[in-house]
Amino acid sequence: MDLDWEGLAVAFAARSMLMNHFLDRATGEVHAHLNGSPDLREALLHERSGRYLRIPKSTPDVDAARCRDFGPRMENATARAKALSALASGGPGAFRDALLSSPNDEKAWFVFRDRRVREELKVWLAAQGVRFDTSVPQA
């Protein structure tokens, strides 16, 4: 089965409490439903039957760990110090805002984060018993 890797990555990195993401075990598609939407009821029935698997949301702690792991890879030492300080005082959003002062590091952050999310996804999918092609291209 082909998995919707882009949809999975978006869902896995999401933190919105208004959105629910599910992997359809039969098709590999990702379905997103807003809280209170009529389609969410059907998705919850599919989840109970085992067809849908709820995709976990990211957390501030997970996002912060990704930021800390990226810090040493930054090429601009001044931007790195500013970003890590922003992370300590304001969290992952402040870290990302601080990256704006270094376009190369900002670009590298998104590549790093996307690859990290893919690796985390592979571990999660395997733990859920979802089979997938291990040669999935990197983001």
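**Exercise 1.** Which residues touch the most other members of the largest nonpolar core, and which helix supplies the largest share?

*Solution.* Of the 15 residues in this core, Leu3, Leu8, Leu23, Ile55, Leu121, Trp124 and Leu125 touch the most other members. A nonpolar core is a set of buried Ala, Val, Leu, Ile, Met, Phe, Trp, Tyr and Cys residues joined through side-chain atoms within 4.5 Å; buried means under 20% relative accessible area (1.4 Å probe, protein chains only). Helix α1 gives the largest share, five residues.

The model is predicted: local features need pLDDT of at least 70, side-chain atom pairs pLDDT 80 or more, while totals for chains, interfaces and linings use all residues. Residues are numbered from 1 along each chain as its sequence is written, and side-chain values use heavy atoms, without hydrogens and water.

**Exercise 2.** At what angle do α1 and α6 pack, and how is that angle classed?

*Solution.* Step one: α1 (residues 5-13) and α6 (residues 103-127) pack at about 95°, their axes 10 Å apart. Axes are lines fitted to C-alpha atoms over the stretch in contact, and angles run from 0 to 180 degrees between N-to-C directions. Step two: α1 is therefore roughly perpendicular to α6, a class that covers 65 to 115 degrees. Step three: the contact (heavy atoms within 4.5 Å) includes Leu8 and Phe12 of α1 and Leu121 and Leu125 of α6.

**Exercise 3.** How do α3 and α6 cross?

*Solution.* The axes of α3 (residues 60-70) and α6 come within 10 Å and cross at roughly 125°. That makes α3 oblique to α6; oblique is the class for angles that are not under 35, over 145 or 65 to 115 degrees.

Methods
Helices (H or I, at least four residues) and strands (E, at least two) are DSSP runs, numbered from the N terminus. Buried means under 20% relative accessible area, exposed over 50%, partly exposed in between (1.4 Å probe, protein chains only).
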